Every structure is written in structure tokens, then in C-alpha cells.
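Reader: I am new to this structure and would love a close look at its aromatic rings. Could you walk me through how they are arranged and what surrounds them?

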Amino acid sequence: MEHTVIRTEHLSKNYGRHLGIADIGIEVHAGEVFGYLGPNGAGKTTTIRILLDFIRPGAGKAEIFGRDARRCGSEIRRRVGFLPGELHLYENLTGNDFLRFFANLRDGVAWSYVEELASRLNCRLAQPIHSLSQGNKKKIGLIQVFMHKPELIILDEPTSGLDPIVQHEFYQLLAEARARGQTIFFSSHNLPEVERVCDRVAIIRSGRLVATENVTVLKARSLRSVEIRFGEDFDARAFAAVAGLEITAQDRRSLKGRMKGEMDALLKMTSRFNISDFRSQESSLEEIFLAYYGNNDHAQ
């Protein structure tokens, strides 16, 4: 039986008349990268704040490491690395001073690993934090998360503000943490990012759990808009046989549609014709929700 690191049951929170989350039940297993996927405002941050006992639930319960998140909050947080979505650092300190302060709170860390992380993320620790861009502040936050190699890493929208090169290095750090047996809870509204790094995904919308999927299933349900322009007249009936393709518009030399699942069959069919242009764009999370889960916000 897999060891469960995070478990919630019927977890709910209201802010007055505004729904935060309702009846959230998830399990995160040891050593996995678990994605928590949903649009901005869906309830991802509310869930994380309850897990870390920053706010209290209205109903339900949350456990981390088999301990109640409310009664054992201090003990749990010692074993966790956390990056909030809205990062606020001590602006009057340098990056070095900030990280040494946190290292001392944790009874010391291997400073050579801090320096390695700073080098890999191209982070200049000698500069005052107030002089840094938001992206460079995020790098310091990431170093703070990884530097003590915690059992559980909780990340709330971690790649916002990072350039693509640093994002790539961050994904490598996640892979290394997973290889060491660390567990990662990863909140994001970016579907391709979640597909890239996660083993399983819980999908939340309007405060309610929509589904929990293996990433392989999520990839099979990928949804893209496609537009093909042909260099000559073509027979659209040939594309009617392409599994997963919904044609939404066509004329003698163009075709528009939505492609569900893998693109291989469509590309093979397209290669039979003289093509002047081919465009493909990933659909938004909201479009995917509507395509696969409908307008029902309740858990399925």
C-alpha cells in the first residue's frame, strides 16, 4: 500500500458568502509529483493555506504525514518547503542574509548546496532584495524551498515570472527531488507545465474538485484548435476519418477544427496534401473543462 503524505476529506472553506473550496478530497502519495490544476481563483491557494494551517477550514479535515494539519502545524512545517504564489521577502536584506536567516531557523543547511542552487538558477545573492526584479526574487524563494531538502515541497504557481532557461532548471530540480524520494505538491493554471512534470493531477474549478487523473490520461484528452491552409483544392471527406478531429469550418482550400488527443493521425493525413500553412494552438483550461467535464462544477 502506498504511503500517503497529504490527505484531505470534505475540506471546505467559505469567505462570508463567497465560496473558497467545497468538499475537497485528495490523496498525495510519497515520492510523487502531484499537480493541483485550475484557473486563477479556483481555490488552489485556499487549499494550500489550509494544509499549512495559515487559515482554518470551515469543515472537513486535512492531514500531512498522517498528522492533523491544524493540531500539528508547527511540526509539519518543519518538514516542508513552501513557495507562496504571492512572494514577500525581507526587502532590506541581501539574498545571502535572507537565506542564512532561514537556514538558522532550520538549525542549519549545507551552504554548499545553497551556492549550487544559486549558480544553477543564476541568482546573485549579494544584491539587496529590494533591488531585484520579481523574477530574481522568485529565484531566492525557490532556493529557500529546496535548500534543506524537505520531505514535502509545496509550490503555488512557482514558475510565474521566471524566464524559460530558469524554468528548465527548475524542472530539473523537481526531477532530482523526486528521485530522492521527496514529495511535491504543485499548484498551477498551466496545463502543459503540469503535463510535463506531474504524475497525477487533481483538477479544481470554482472551488470544487472536478476530477483526479493520471497525467497520461490528461495528455490523451489534450485539446487543440487547428487551422490548415492548402495550396490547392482538397477533399475534406478525407479528414472526416481522422479520429478526434471535429471540423468547425471549411472551404475549398482551408479547414478549421478542434483536435482531441494525439495529433499523429491528423499530421499523417495532412502530409498527403500540398500545405501552405498549418497552425495549432492549445486550448485554454476553461475550454478543456467544458469539452470533458461540462458546466457541472461538482466533483465527478
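Author: What follows is a walk through the aromatic rings, the helices that carry some of them, and a sheet at the end. Please keep in mind that this is a predicted model.

Let's begin with the ring pairs. The count of aromatic pairs comes to 16. One of them joins Phe-101 and Phe-102: the ring centres are 5.7 Å apart and the planes stand at 85 degrees, and because an angle over 60 counts as edge-to-face, this pair is edge-to-face. Phe-101 has 37% relative accessibility, so this residue counts as partly exposed. These two rings also have company, since ring pairs link Tyr-90, Phe-98, Phe-101 and Phe-102 into a cluster.

Now for another pair, Phe-146 with Phe-170. Here the ring centres are 6.4 Å apart and the planes lie at 75 degrees, so this pair is edge-to-face. The pair links distant parts of the chain: Phe-146 belongs to helix H5 (residues 134–146), Phe-170 belongs to helix H6 (residues 164–179), and 24 residues separate them. Phe-146 has a relative accessibility of 1% and therefore counts as buried. Phe-170, at 0%, counts as buried too.

That brings us to the two helices themselves. The axes of H5 and H6 come within 12 Å and cross at roughly 5 degrees, which means that H5 is roughly parallel to H6. On the H5 side, Lys-139, Leu-142 and Phe-146 make the contacts; they meet Val-166, Phe-170, Leu-173, Leu-174 and Ala-177 in H6. The two Phe residues of the ring pair are thus among the residues where these helices meet.

Rings can also have a charge for a neighbour. The charged end of Arg-79 sits over the ring of Phe-65, at 3.9 Å from the ring centre. Arg-100 is placed over the face of Trp-111, likewise 3.9 Å from the centre of the ring.

Finally, a look at a sheet. Four strands form an open sheet in the order E13-E14-E12-E15, and their pairing is antiparallel. Strand E13 (245–251) and strand E15 (275–282) are at the edges; each has a single partner strand, so one side of each is left without a neighbour in the sheet. On average, neighbouring strands here are turned by 15 degrees against each other, direction ignored. Within the sheet, strand E12 (residues 223–230) and strand E14 (residues 254–260) run antiparallel and are joined by seven bridges. Glu-227 stands opposite Lys-256 in E14.

Definitions and conventions
Residues are numbered from 1 along each chain as its sequence is written. This is a predicted model: local features need pLDDT of at least 70, side-chain atom pairs count only at pLDDT 80 or more; totals for chains, interfaces and linings use all residues. Side-chain values use heavy atoms; hydrogens and water are left out. Rings of Phe, Tyr and Trp (its six-membered ring) pair if their centres lie within 6.5 Å; planes under 30 degrees apart count as stacked, over 60 as edge-to-face and the rest as tilted. Buried means under 20% relative accessible area, exposed over 50%, partly exposed in between (1.4 Å probe, protein chains only). A charge sits over a ring if NZ of Lys or CZ of Arg is within 6 Å of the ring centre and within 35 degrees of the ring normal. Two strands pair if DSSP finds at least two bridges between them. Axes are lines fitted to C-alpha atoms, for helices over the stretch in contact, and angles run from 0 to 180 degrees between N-to-C directions. Angles under 35 degrees count as roughly parallel, over 145 as roughly antiparallel, 65 to 115 as roughly perpendicular and the rest as oblique. Contact means heavy atoms within 4.5 Å.
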